[in-house]
Amino acid sequence: MSISSGNSSKTEILSESDNRGLVLAKNIPPPFLYLFPVNSRPFFPAQMQPIVVSAKVWEETVAKVAETAHKSFGMVFVGDIPPEQVEPADFSEVGCLARMHNQSRKDDNIHFIGQGLKRFRIKRWLSVKPPFLVEVSYPEEKEKITGKEEVDEIKAYSLALISAVKELVSTNPLYSEEVKQFIRFINPNEPSSLADFAATLTTVKGSELQQVLNTFDILERMKTVLPILHKELQVARLQSEISGEVNRKISKRQREFFLKEQLKTIQEELGITKDDRSADVELYESRLEALEPPKAALERIKDELKKLAILETGSPEYGVTRNYLDWATSVPWGIYSPDSFNLQEARSVLDRDHDGLHDVKDRIVEFLAVGAYKKEVTGSIMLLVGPPGVGKTSIGRSVADALGRKFYRFSLGGMRDEAEIKGHRRTYIGAMPGKFVQALKEVKVANPVIMLDEIDKVGASYHGDPASALLEVLDPEQNVEFLDHYLDLRVDLSKVLFICTANQLDTIPPPLLDRMEMIRLSGYITEEKFDIARNHLWPRTLFRAGLKKSQVKVTDAAMKMIIEGYAREAGVRRLEKNLQKIARKAVVKLLEDSKAVISVSNRNLEGYLGKPIFRPEKRFSGVGVVTGLAWTAMGGVTLPVEATCVHALERGFKQTGQLGGVMKESAEIAYSYISSHIGRLGADKDYFAKRFIHLHVPEGATPKDGPSAGITMAAALLLLAQGREVKRDLAMTGELTLTGKVLPVGGIKEKIIAAKRQSIHELILPGGNRRDYEELPDHIRDGLTVHYADHFNDVSAIVLS
C-alpha cells in the first residue's frame with residue numbers, strides 16, 4: 001500500500017519535536033478531536049500504519065474528520081473492550097494525535113492510513129456517543145536538557161535502545177521494514193521518537209504500552225521502554241532457537257523420507273517388499289506398544305498375532321483373526337483422561353446449560369464434590385428420572401463437560417438382544433463387540449461418561465434379556481472385570497461414569513434399579529419455562545433458522561401465552577417446537593420483505609400457531625365434586641372426582657372413568673369408610689343405605705391408576721352425603737385406609753407443580769409427605785397454603801370449613 005504523505009505533515013501540524021522558531025496558526029494542534037478507540041495496543045506518535053474500521057459504527061466519525069482542514073483525529077486505547085461497545089469511561093486519559101491519509105471504503109469497512117504525530121490528554125468530553133468529540137490539551141515534553149549528566153544519561157539510553165533494536169532486527173527480518181519506515185518519516189536522533197518507536201516493536205500487553213504513552217518525561221520513558229525491549233529480545237532469541245531446532249528436525253525427517261522411498265523402490269526391484277500380512281502385524285504391534293493391557297489380555301493378543309503371522313491372507317480365518325485384533329488393539333487399555341474437580345466451574349457449566357433444576361444441580365455438585373475429595377470418580381451409576389423434555393440427556397452432557405471427560409450416548413429403547421450389550425461370539429458371521437467396547441473405541445479413553453438413554457424401555461425376546469445383561473455392567477463390584485463375548489477378554493469399566501435416563505421406574509427390574517443412584521427431575525412451572533425459553537430455546541431456534549434477534553421478536557406476554565396455551569406439558573419439547581414454528585413462518589415473511597421486523601404478540605400469536613390447544617380450564621365444581629392430584633409419566637396433573645346419587649331405590653356403588661385395579665380398590669375403600677362413619681362425619685347415617693352412588697373420574701378415555709386418590713374420593717362422597725360443595729380452590733392427594741388413616745404418596749413435586757399450573761394455591765397433603773414438601777425449592781412453595789392430614793378427620797375438617 002503506497003503512502004503519499006511525504007514530509008508535508010510537518011508543515012501543517014506541529015510534530016513532537018518541531019517546536020523551534022515561530023509557530024504559525026495552522027501549525028497549532030487542534031484543541032478539539034474526534035476519537036477512534038484502539039482495543040489491541042495503543043497508537044504511538046512514531047507509528048504510521050493502515051487502519052480498518054467498521055463503516056456501520058464509524059462512518060460518521062471518518063466523515064467528520066475528513067471535513068476538517070487538518071484531517072487530524074485521536075487514537076485512544078480502550079483495553080479488551082470491542083470498539084463497537086466502548087463508552088467514555090473506557091477510554092484512557094492519554095492518546096495519540098494522528099493524521100488521516102488515503103481514505104477508501106471496501107465492503108462494510110473503511111480503510112485509511114494513520115500517521116502518529118503527538119501525545120494529548122483528554123480535558124473534557126463534548127460527545128459521549130459516536131462520533132466521540134473531546135477537548136484536549138498537549139502537555140509539553142521535557143526535550144530541552146540543561147544538565148550535562150542528564151544529557152549523557154539520555155545519550156547512553158539512546159545508544160542502548162539503538163543497539164537492542166539492531167539486534168532485534170537481526171533475529172527477525174520482519175522488523176526491518178518498520179525500521180526503514182521509521183528512518184524515512186521520523187528523525188532517529190530524537191530520543192522521544194526513538195523511545196516510542198522501540199515500544200512499538202514489542203509484543204507486550206496493551207496496558208503496559210499505555211504506561212509508556214502516559215509518560216511525558218523522555219528520560220523516564222526511555223527507562224520504561226528499555227527493559228520491555230530487552231524482554232522482547234529474549235523472546236526473539238528463544239523463538240529463533242526454536243525455529244532452528246524445528247528446521248533441523250524437518251530436514252532430518254525429509255532425509256528419512258527420501259531414504260525410505262529409495263529403500264521401498266529397491267525392495268520392489270528386488271522383490272522383497274513387505275506383504276499385507278507383515279504390514280498388518282506391524283500395525284497391531286505398534287498399536288499395542290502405546291497401550292497398557294492387563295497381563296491376560298496381552299498374552300491373548302500376542303497369541304492372536306502369532307496366529308495371524310502364519311495364516312494365509314486368503315483364508316477365512318485370516319479375516320476373522322484380523323478383525324479381532326483390530327478391535328482388541330483399539331480398546332484404550334490403561335488410557336485415562338484427567339478429571340476436572342473444580343466445583344465452581346462445574347456449577348457454572350450446569351447453570352450455563354440449564355435454568356431451574358436447582359435441587360438436581362445441587363445433587364450433581366455433591367456427587368462431584370465426593371469425587372474431588374477422593375480425587376477420582378469410580379463405581380458410579382446415576383439414574384435421572386423425569387418426564388420427557390425436562391433435560392435429562394443434556395444434563396448428562398453437562399456432567400461430562402464439568403468433569404472434562406469424553407461423552408458417549410446410546411439408547412436402550414427397544415433393545416431386545418443381549419448381544420448388543422455383551423457382544424456376539426466370534427463364531428458368528430458379522431460378529432461384533434457389545435456397545436460398551438464400541439463406546440471405548442470411539443472415545444479412545446477408558447474413563448468416559450456413558451449415557452444409557454431410555455433404560456425403562458428395554459425389551460426382552462428369545463434372543464435374551466438385555467436388562468439382565470446390564471446387571472454386570474452397572475454393578476461397581478462386577479464391572480471391573482466385564483467380559484465381552486466377542487473379545488473374550490476382561491474389560492475394566494469401573495472408571496466409567498454411567499448416567500441412565502428413564503421416564504418411569506415401573507418397568508425397570510428391581511435388581512437393576514437397586515444398582516443405580518436415583519435423581520428425580522420434575523416438570524417445570526411457567527416461570528421456569530419462561531426463563532428456559534428466553535435463555536436457551538429461543539436463541540437456539542433463531543440460530544438454527546439463520547435469524548437475528550433484531551429480525552424476529554416475541555414479547556413476554558406472547559411467550560407466556562405459548563407456554564400456557566400451547567405447551568402445558570411438564571417438559572419444554574413442545575414449547576421448542578412451537579417456537580420453531582414461529583421461526584419458520586417468520587422466514588417466509590422475511591423472504592417476501594427482507595427489511596421487515598417481525599414482532600409476535602398476543603394479538604397476532606394465533607396467526608402463527610393457530611387456536612390455543614389448552615384454554616383456561618374451568619375447574620369442576622358442585623355438590624360431590626373434589627379436585628385431586630395425580631402423577632403420570634408426563635408429569636403431574638389435576639384429577640377431578642365427581643360423586644352423585646343416581647336413585648334411592650336400592651343400595652349400590654358404581655365407578656367409571658377407565659380406572660385401574662388399584663384405583664378401583666381405593667374407591668371401594670373410600671365408599672366403605674364413608675358409609676361406616678357417615679353419622680359421625682355430620683351427615684344422615686342412613687344416606688347410603690338405599691341409594692345408588694355413581695363415582696366418576698372425568699376424561700374417561702385416559703387410563704388411570706394408583707392409590708393417591710383415596711382421600712379425594714372419600715371427600716367427594718362426604719360432600720355428596722351432606723349436599724355441600726367446596727367453596728374455594730382446593731386440591732388434595734393421599735392414600736386412605738379402612739381405618740381412616742392417610743398414608744403418604746409419591747410424586748409430590750410434580751403434583752404441586754400441576755396445582756400451581758391450574759392456579760390452585762391451597763393443598764391437602766399426607767402428614768408423611770411433610771419432608772418431601774419442605775425439601776422443595778422456595779420458588780415452588782411460594783404462595784401455597786398446605787394442610788397436612790394424618791387421618792381423614794383432618795381432611796373433612798378442612799373440606800367442610
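**Salt bridges, cores and backbone in a predicted model**

Good morning. I begin with one residue: E775 has a relative accessibility of 53%, and it therefore counts as exposed. Its partner is R771, and the two side chains form a salt bridge with 3.4 Å from N to O. R771 is likewise exposed, at a relative accessible area of 56%. Please keep in mind throughout that this is a predicted model.

Let me now give the overall picture. The protein chain has 801 residues, and 47% of them count as buried. Its secondary structure comprises 27 helices and 24 strands. Taking contacts with a separation of 6 or more, 74% join residues that lie 24 or more positions apart. The chain exposes about 40,400 Å², and carbon and sulfur atoms supply 52% of that area.

I return to the charged pairs. Side chains of opposite charge can pair when their charged atoms come close. How many salt bridges does the structure contain? The count comes to 28. One of them joins D339 to R405, with the closest N and O atoms 2.7 Å apart. D339 sits in the loop between α10 (316–328) and α11 (343–353), while R405 sits in the loop between α13 (392–403) and β8 (407–411), so this pair ties together parts that are 66 residues apart in sequence. Are the two residues buried or exposed? D339 is partly exposed, because its relative accessible area is 24%, whereas R405 is buried at 7%.

A further pair is E576 with R544, where the closest N and O atoms are 3.8 Å apart. Here both partners are helical: E576 belongs to helix α20 (residues 573–592) and R544 to helix α18 (residues 526–545), so the bridge ties together parts 32 residues apart in sequence. E576 counts as buried, with 13% relative accessibility, but R544 is exposed, with a relative accessible area of 58%. Charged residues also join into a group: R300, E304, K307, E317, R426 and D488 are linked in a network of salt bridges.

I turn next to the nonpolar interior. The largest nonpolar core has 54 residues, and the members that touch the most others are F436, L452, I455, L474, L487 and F498. What does F498 touch beyond its neighbours within four places in sequence? Its contacts are S380, I381, M382, F436, I450, L452, V473, L474, N479 and L493. Apart from that core lies another, of 51 residues, which includes L368, V554, A558 and L605.

Y608 offers a detailed view of one buried position. This tyrosine is in helix α21 (residues 605–609) and is buried, with a relative accessible area of 4%. Leaving out residues up to four places away in sequence, Y608 touches K581, I582, K585, K589, I598 and V600. Y608 and L579 are 29 residues apart in sequence, and their C-alpha atoms are 9.6 Å apart in space.

A word on the cysteines. A disulfide is a covalent bond between the sulfur atoms of two cysteines. This structure holds zero disulfides. Two cysteines deserve mention by name: C96 counts as buried because its relative accessibility is 0%, and C500 is buried as well, at 0%.

On the surface, L238, I242, V246 and I250 make a nonpolar patch of about 340 Å². I242 is in helix α7 (residues 218–270), and with 48% relative accessibility I242 counts as partly exposed. Why is I242 partly exposed rather than exposed? The limit for exposed is over 50%, so a value of 48% falls in the partly exposed class.

Finally, I come to the backbone. Most residues other than glycine have a negative phi, and most peptide bonds are trans. Which peptide bond is cis? The bond from P130 to P131 is cis, with omega near 0°, and P131 lies in the loop between β5 (109–127) and β6 (132–137). D107 has a positive phi, near 55°. This aspartate is found in the loop between β4 (94–106) and β5, and D107 is exposed, at a relative accessible area of 66%. S759 has a positive phi too, near 60°. S759 lies in the loop between α24 (748–757) and β23 (762–766), and the serine is partly exposed, with a relative accessible area of 43%.

Thank you for your attention.

Methods: Residues numbered from 1 in each chain as written. Predicted model: local features only at pLDDT ≥ 70, side-chain atom pairs only at ≥ 80, totals over all residues. Heavy atoms only, no water. Core = buried A, V, L, I, M, F, W, Y, C linked by side-chain atoms within 4.5 Å. Buried < 20%, exposed > 50% of the residue type's maximum accessible area, 1.4 Å probe, protein only. Contact = heavy atoms within 4.5 Å. Disulfide = S-S within 2.5 Å. Patch = residues over 30% accessible without salt bridge, like charges linked within 9 Å, V, L, I, M, F, W, Y side chains within 5 Å. Areas by Shrake-Rupley, 256 points an atom, 1.4 Å probe, with all protein chains shown as cover. Salt bridge = Lys/Arg side-chain N within 4 Å of Asp/Glu carboxyl O. Helix = DSSP H or I, 4+ residues; strand = E, 2+ residues; numbered from the N terminus.
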